[in-house]
Amino acid sequence: MNTDPIADYLTRIRNAVMAGHRVVEIPSSGIKKEITKLLFEKGYILNYKFETEPKPGIIKVALKYHPVTKLSAINKIERISKPGLRKYVGADELPRVLNGLGVAVMSTSQGLMTDKEARKLKIGGEVLCYVS
C-alpha cells in the first residue's frame, strides 16, 4: 500500500530519467493519467500509453531526450503538496517555476491544469508538483 501515489509517480519518472531509461511503467490511477496528459501536452514526455489489461492498469511513459546531447526534457520534478502538509494557493499567489520556463501542476475546482492556465482562469487550488 502506497500512502502517496503522486510522489511515487514522480519518483519513478525521476529515477528513470537519472538512469537514462526510455520507457517507465507506472501503476495507473485517474490523477496519474491526468498528470501524464499534462506532461505530454507541455512537451516533457515523448508519448504515453494507458494499458488496462492487468486490473489496476499500467501507464507506460516514453521519456523525451535531446537527440544529440542526450539530455532529458525533465531537469527537475518535485512534489510540493504532500499528504502531511497540503499547499493551497489563491488565484493571486500562483507560483512561477523558473520564471515561467517550468510548470506547476495544479489541482483546481476545474480539474488538473498548469499554473499558466489557472492564472488565465483566475482560480487557485492545490499545488501538486513543479516540473522544469
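**Exercise 1. Find which backbone atoms the side chain of Thr-108 reaches, and describe the setting of this residue.**

*Solution.* Start with the side chain itself. In this predicted model, the side chain of Thr-108 comes to 3.1 Å from the backbone nitrogen of Gln-110. Next, look for a second polar partner: a polar atom of the Thr-108 side chain also lies 2.7 Å from the backbone oxygen of Gly-111.

Now place the residue. Thr-108 belongs to strand S6, residues 103-108. Is it buried or exposed? Its relative accessible area is 11%, and the cut-off for burial is under 20%, so Thr-108 counts as buried.

Finally, list the contacts, leaving aside neighbours within four places in sequence: Thr-108 touches Met-113, Ile-123, Gly-124 and Gly-125.

**Exercise 2. Work out how S6 and S7 are joined and paired.**

*Solution.* First, follow the chain: a hairpin leads from S6 to S7 through 2 residues. Second, check the pairing: S6 and S7 (residues 111-114) are antiparallel, with 4 bridges between them. Third, pick out one facing pair: Val-105 has Thr-114 of S7 opposite.

**Exercise 3. Identify strands that pair with S8, and say how enclosed S8 is.**

*Solution.* Take the partners one at a time.

- S4 (residues 77-79) pairs with S8 in the antiparallel sense over 3 bridges, and Arg-79 faces Cys-129.
- S5 (residues 88-89) is antiparallel to S8 and joined to it by 2 bridges, with Val-89 opposite Gly-125.
- S6 also pairs with S8 in the antiparallel sense, over 5 bridges; here Ser-107 has Glu-126 as its bridge partner.

Then turn to burial. S8 covers residues 125-131, and 6 of its 7 residues are buried, so the strand is largely enclosed by the rest of the structure. One link back to Exercise 1 is worth noticing: Gly-125, the residue opposite Val-89, is also among the contacts of Thr-108.

**Exercise 4. Give the strand order of the sheet containing S1, and say which strands stand at its edges.**

*Solution.* Begin with the order: 3 strands make an open sheet, arranged S1-S3-S2 with antiparallel pairing. S1 (23-27) and S2 (45-51) each have a single partner strand, so these are the edge strands, and one side of each is left without a neighbour in the sheet. Neighbouring strands here are turned by 20° against each other on average, direction ignored.

For a closer look at one pairing, go to S1 and S3 (residues 58-63), which run antiparallel and are joined by 5 bridges. Within this pairing, Val-23 has Ala-62 of S3 as its bridge partner.

Last, see what lies across these strands. Helix H1 (residues 5-19) crosses S1 and S3, at about 165° to S1. Helix H2 lies across S1, S2 and S3, at about 155° to S2.

**Exercise 5. Show which residues of H1 are buried, and explain why they line one face.**

*Solution.* Check the geometry first: H1 has 15 residues and spans 21 Å from first to last C-alpha, close to the 21 Å expected. Next, collect the buried residues, which are Ile-6, Tyr-9, Leu-10, Ile-13, Ala-16 and Val-17. Seen down the helix axis, these fall within an arc of 130°, so they line one face of H1. The general background is helpful here: an α-helix has 3.6 residues a turn, so residues three or four places apart point the same way.

What does the buried side pack against? The buried residues of H1 meet S1, H2, S3, S4 and S8. On the face turned away from that side are the exposed residues Met-18 and Ala-19. Just after the helix, Gly-20 has a positive phi of about 80°.

One more residue of H1 deserves a step: Arg-14. With a relative accessible area of 28%, Arg-14 is partly exposed. A polar atom of its side chain lies 3.0 Å from the backbone oxygen of Ile-77. Beyond its neighbours within four places in sequence, Arg-14 is in contact with Ile-77 and Glu-78.

**Exercise 6. Repeat the analysis for H2.**

*Solution.* H2 (residues 30-41) has 12 residues and reaches 17 Å from first to last C-alpha, close to the expected 16 Å. Its buried residues are Lys-32, Ile-35, Thr-36, Leu-38 and Leu-39. Viewed down the axis of H2, they fall within an arc of 160°, so they too line one face of their helix. After H2 comes Gly-43, with a positive phi near 85°.

Technical notes: Residues are numbered from 1 along each chain as its sequence is written. This is a predicted model: local features need pLDDT of at least 70, side-chain atom pairs count only at pLDDT 80 or more; totals for chains, interfaces and linings use all residues. Side-chain values use heavy atoms; hydrogens and water are left out. The expected span of a helix is 1.5 Å times one less than its number of residues. Buried means under 20% relative accessible area, exposed over 50%, partly exposed in between (1.4 Å probe, protein chains only). The arc is that of the directions from the helix axis to the C-beta atoms. A polar contact is a pair of N or O atoms within 3.5 Å; within protein, one must be able to donate a hydrogen and the other to accept it, and residues adjacent in sequence count only if both atoms are side-chain atoms. Contact means heavy atoms within 4.5 Å. Two strands pair if DSSP finds at least two bridges between them. Axes are lines fitted to C-alpha atoms, for helices over the stretch in contact, and angles run from 0 to 180 degrees between N-to-C directions.
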